[in-house]
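Q: Please take a close look at one part of this model, a sheet and the helix lying on it, and then place that part in its surroundings.

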Amino acid sequence: MIQTETLELLEWSRLCQHLATFAATKLGTIAAQHLGIPTTQAESQSLLTQTQEIYQLEQRLTTGLSFEGVEDITASLERAALQGMLMGEELVRIATTLAGMRRLRRFLDEQEEIPTLQEMIGQIRTYPELEQEIYHCIDERFSVMDRANPKLADIRQQLRKLRSKIEQTLQSIIQRQSTAMSQGIITQRGDRYVLPVKAPQKDAVPGIVHDTSSSGATLYIEPHSIVNLGNQLRQLQRQEQREVEVVLRHLTAQVAEVKPDLEILLAVATSLDLATAKARYSLWLEANLPRFVERYPAENITLRQLRHPLLVWQQKHEQGFPVVPINVQINPQIKVVAITGPNTGGKTVTLKTLGLAALMAKVGLFIPAREPVEIPWFAEVLADIGDEQSLQQSLSTFSGHIRRISRILEAIKNLENPDTKNLSLAADGGVQLDLEGGSQDSLTITPKATKKFLKPVLVLLDEVGAGTDPAEGSALAIALLKYLADHAELTIASTHYGELKALKYQDPRFENASVEFDEISLSPTYRLLWGIPGRSNALTIAHRLGLPAEITAVATLGMGDTSADLNHVIAGLEGQRRQQELKAAEATQLLQQTEALHRELSTKALALQQREQQLKQQQEQVVQEAIAQARGEIATVIRNLQKAGNTAQEAQKARQSLELLQEKHIQAKPKPKPGFHPQVGDRVRIIQLGQTGEVLSISSENQQLTVRFGVMKMTLGFTEIESLAGEKIPAPEAKKKPEEPKPSSLSVPVVRTTNNTIDLRGSRVAEAEQKIDQMLANRTEGAIWVIHGKGTGKLREGIHQFLQSHPQIAKYEPATDADGGAGVTIAYLK
């Protein structure tokens with residue numbers, strides 16, 4: 001089939017092998033290696049959705065999706081259905097698979113924004129009771145445990161006693177006949193216990209000889225005294241085996257009962273692992289999610305910076321050459337693209353890249369191209385690439401191409417288009433669409449509109465029409481491409497025929513493209529140029545490779561002026577194209593830098609605003625807390641004054657002091673006035689001349705600066721220039737008269753409270769200094785009362801020395817007798 005040939009030509013199997021390396025289970029590996037191609041767009045879209053959800057999920061996870069414990073149990077399920085008996089290892093693998101899928105389902109159910117995956121995993125049943133039954137009966141060595149069957153446990157108990165009795169009997173024989181033994185050990189031959197006896201002394205241990213050493217010097221004898229015991233042992237072992245089989249068959253029957261559900265579980269596990277492999281492969285390729293577009297009425301095919309996935313693998317894993325991406329943008333009206341250019345220029349690679357991109361989107365893989373990735377869903381991808389020459393089948397190059405193209409046309413003809421099921425040819429050359437109501441309900445579509453019903457096929461033709469007479473080959477290629485333009489949605493063809501380049505100017509459904517070639521280095525650049533036909537460059541390459549000049553000159557004359565002029569025109573177009581691309585690249589780089597700078601400035605501005613707001617809130621909170629605390633202390637003072645019989649005038653003075661403190665903390669500081677402050681190197685405008693210049697130097701004392709504009713330098717006053725935005729330099733502020741010194745906190749009456757009093761009695765000098773320092777850290781004015789007691793006077797002396805050298809303390813003095821006298825020191829802040 002041509003579809004299978006196309007997959008071979010595009011090396012699809014290699015891509016599947018690469019995909020399989022990202023699978024986590026054997027099931028996923030096999031599925032990736034034999035990746036099927038969906039037959040409907042809905043199926044492809046579903047696969048893409050699965051890949052997208054896992055791709056996004058793994059971006060959020062610190063570790064990838066885990067398939068631990070999930071194994072391929074397909075063969076075991078088949079044998080269980082055929083009433084075969086599963087062994088312990090197979091049953092344990094079934095149990096671990098059930099446990100692994102249960103963990104996976106639990107994990108996916110806890111995630112968000114993965115409805116497709118949750119719907120898939122919701123289909124499975126994990127049968128925890130079957131898993132528990134298996135683990136109850138089978139141990140980690142895959143053996144049936146005693147607890148699996150009471151009868152089995154009893155038999156094994158008898159076996160242990162019987163073996164112990166046999167070993168005791170043999171040990172006594174070894175001790176009595178030690179000289180007759182080759183070795184003082186008990187061994188087995190088959191399932192019988194024997195002793196190694198020296199051949200010359202075999203009569204010392206009468207019994208049955210079961211084996212002889214290779215030298216013949218040792219006989220392995222089962223003594224007569226344990227023969228009956230050995231027979232009993234064998235009978236018990238057979239009973240044990242029968243009971244083990246009973247357990248295994250019972251478990252196998254339970255597995256067989258749920259085989260359909262376990263097959264569904266395996267199918268879901270395979271689908272999830274395959275989707276995970278696709279997501280990880282897509283991430284490794286740095287690929288992006290494709291969107292299936294409808295080319296009618298006006299959606300383009302857009303594949304920017306498209307890379308060949310196999311070449312990417314070769315580059316990363318096999319130290320290949322860097323992959324040169326191509327840009328593909330095809331308008332809806334374009335049905336055929338003719339790619340021209342020299343050999344080894346990358347035409348065939350371009351065809352394969354496009355074919356693989358279409359297939360990757362169909363199977364749910366991301367496409368290695370920049371966003372947006374927009375491509376139609378093609379029902380078939382059909383290709384004629386390479387040479388099908390065969391000596392065995394007597395096929396020439398031309399014959400091989402024609403036979404393959406014939407199969408392509410036959411496949412297009414047989415392809416059922418959903419839009420054309422009820423179509424019939426109308427008398428005017430249009431199409432008649434029979435609706436569901438019967439022959440009376442129909443709609444006639446004009447010939448121009450029939451392009452809507454092209455078969456959704458991508459056709460890739462390499463060297464179309466090659467291998468025969470150029471004139472006939474060219475004519476055949478033109479006819480073939482016109483036929484495909486009428487029947488296939490898109491055809492990409494590579495060719496050397498110059499006549500195909502002119503089709504673009506005769507039929508709007510045709511477009512030209514070419515692969516670029518560097519004439520200086522005589523090497524292809526592998527870049528794809530759109531809208532420009534390519535040149536073969538055969539004569540230029542031949543001349544530079546050493547072909548005599550007289551030969552290439554004659555060949556040039558033989559080409560004629562028309563061909564030479566055409567090549568010159570194409571060369572000019574290529575030069576203009578390169579210049580435009582360079583300018584576009586520079587503009588793109590500048591735009592990216594501008595956007596990055598804008599993002600950086602926006603981030604910094606937002607951070608500054610948030611920091612400013614935070615500082616304001618903190619400052620206001622501190623002030624309000626201080627005010628609230630001060631209000632409480634003053635209220636206490638007022639109550640104390642009233643109780644002491646003092647006048648209310650003193651209390652009123654205390655409250656007025658509090659209000660002054662509140663106004664001082666809450667009053668907002670005036671914002672500095674904005675203005676223009678030029679720096680050396682800034683551009684400024686000279687007001688009188690209307691010219692701009694560069695600041696060379698600035699003299700703040702003289703209010704002057706030196707400016708250069710053109711070849712001239714000028715010294716100007718601050719008032720003679722402005723910024724390019726029209727801002728003036730602010731005039732210097734007049735010097736203020738020195739203010740009268742404000743009275744220090746020494747002259748302000750202070751009141752002793754619990755907040756400004758610290759008790760240091762019993763402390764060491766170092767501890768006292770630390771506590772005083774902590775208390776002063778949050779104070780800027782007023783006084784503090786330090787209680788140190790009288791005692792020996794060492795603590796008081798140390799505190800006085802500390803206060804005398806402290807930068808915040810203006811003076812200190814003993815308190816009045818009413819406040820503690822010599823046992824208390826009052827320290828006044830500056």
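**A sheet and its helix**

A: The model is predicted. Helix α13, residues 347-362, lies across four strands, β5, β6, β7 and β9. Its direction is about 115° to that of β6, the strand at 301-306.

The strands under α13 belong to an open sheet of four, in the order β5-β9-β6-β7. Pairing within this sheet is mixed. At the edges stand β5, residues 290-292, and β7, residues 326-330, each of which pairs on one side only. On average, neighbouring strands of the sheet are turned by 25° against each other, with direction ignored.

At the β5 edge, the partner strand is β9, which spans residues 370-375. The two run parallel and are joined by three bridges. Within this pairing, Phe-292 of β5 is placed opposite Ile-375 in β9. As a general point, side chains in a regular strand alternate between the two faces of the sheet.

A second group of strands can be described in the same way. Strand β15, residues 488-494, is mostly covered, with seven of its seven residues buried. One of its partners is β8, residues 336-340, which runs parallel to β15 and is joined to it by four bridges. In that pairing Ala-338 has Ala-493 of β15 as its bridge partner. Strand β14, residues 455-461, also runs parallel to β15, with five bridges between them. Here Leu-460 is matched with Ile-492 in β15. Helix α15, residues 470-487, completes the connection: β14, α15 and β15 form a right-handed β-α-β unit.

These parts sit in a chain of 830 residues, of which 40% are buried. Its secondary structure consists of 20 helices and 26 strands. Among contacts with a separation of 6 or more, 66% are between residues 24 or more positions apart. The chain has an accessible surface of about 47600 Å², and carbon and sulfur atoms account for 51% of that area.

Confidence should be read alongside this description. The chain has a mean pLDDT of 82, and 82% of its residues reach 70 or more. For residues 418-452 the pLDDT is below 50, and this stretch has 42 contacts in the model beyond near neighbours in sequence. Residues 739-748 also have pLDDT below 50, with eight contacts in the model beyond near neighbours in sequence.

Definitions and conventions:
Residues are numbered from 1 along each chain as its sequence is written. This is a predicted model: local features need pLDDT of at least 70, side-chain atom pairs count only at pLDDT 80 or more; totals for chains, interfaces and linings use all residues. Side-chain values use heavy atoms; hydrogens and water are left out. Two strands pair if DSSP finds at least two bridges between them. Axes are lines fitted to C-alpha atoms, for helices over the stretch in contact, and angles run from 0 to 180 degrees between N-to-C directions. Contact means heavy atoms within 4.5 Å. pLDDT is the predictor's confidence in each residue, from 0 to 100. Buried means under 20% relative accessible area, exposed over 50%, partly exposed in between (1.4 Å probe, protein chains only). A crossover is right-handed if, with the strands pointing away from the viewer, the path from the first strand over the helix to the second runs clockwise. Accessible areas come from the Shrake-Rupley method with a 1.4 Å probe; for residues, only the protein chains shown count as cover.
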